[in-house]
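Thanks, everyone, for making the time. I would like to walk through one structure this morning, starting with its charged side chains and then turning to its interior.

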Amino acid sequence: MGAPTQMNGIVKAVPSGDTVVIMGVDASRGPPPEKMLTLSGISAPRLASRNAQTTDQPGAWDARQFLRKAAIGQRVQSPNTTPPTHTPTPVPHPVPHPVP
């Protein structure tokens, strides 16, 4: 895995109630970079897909609008996006006892 990446920018879009698009502020070398972030610990109802025959889950539009009104245009700093490494804890197995 690569090094953790951080990005300072402005919230440009809110595609759903748990996801934002951050636009970088440095446009010196062309269009500013963009990063889509899904907010940790939040699971918003899903919006309908344009290509699929699905409908919005209840509350999906309201969740998106709530986040959009709060976040669009706000200056933010994205967290490090490299997931933490997880070392599984060994589970002790019971030792069988001999049957007399």
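**Salt bridges and the core**

Lys 12 is partly exposed, with a relative accessible area of 44%, and please keep in mind throughout that what you see is a predicted model. Its partner is Glu 34, with which Lys 12 forms a salt bridge whose closest N and O atoms are 2.3 Å apart. Because Lys 12 lies in strand β1 and Glu 34 in strand β3, which covers residues 34–38, this pair ties together parts that are 22 residues apart in sequence. Glu 34 is likewise in the partly exposed class, at 45% relative accessibility.

How many salt bridges are there by this rule? The count comes to two, and the other one I want to show joins the side chains of Arg 46 and Asp 18, at 2.6 Å from N to O. Here Arg 46 sits in the loop between β3 and α1 while Asp 18 sits in the loop between β1 and β2, so parts that are 28 residues apart in sequence are tied together. Arg 46 is partly exposed at 38% relative accessibility, whereas Asp 18 is buried, with a relative accessible area of 4%.

Turning to the interior, the largest nonpolar core consists of eight residues, namely Met 7, Val 11, Val 14, Val 20, Ile 22, Leu 37, Leu 67 and Ala 71. At least two residues of this core come from each of β1 (8–16), β2 (19–24) and α1 (60–71).

Within that core, consider Ile 22. Setting aside neighbours within four places in sequence, Ile 22 has contacts that include Met 7, Pro 33, Leu 37 and Val 76, and Glu 34 is also among them.

Methods: Residues are numbered from 1 along each chain as its sequence is written. This is a predicted model: local features need pLDDT of at least 70, side-chain atom pairs count only at pLDDT 80 or more; totals for chains, interfaces and linings use all residues. Side-chain values use heavy atoms; hydrogens and water are left out. A nonpolar core is a set of buried Ala, Val, Leu, Ile, Met, Phe, Trp, Tyr and Cys residues joined through side-chain atoms within 4.5 Å. Buried means under 20% relative accessible area, exposed over 50%, partly exposed in between (1.4 Å probe, protein chains only). Helices (H or I, at least four residues) and strands (E, at least two) are DSSP runs, numbered from the N terminus. Contact means heavy atoms within 4.5 Å. A salt bridge is a side-chain nitrogen of Lys or Arg within 4 Å of a carboxyl oxygen of Asp or Glu.
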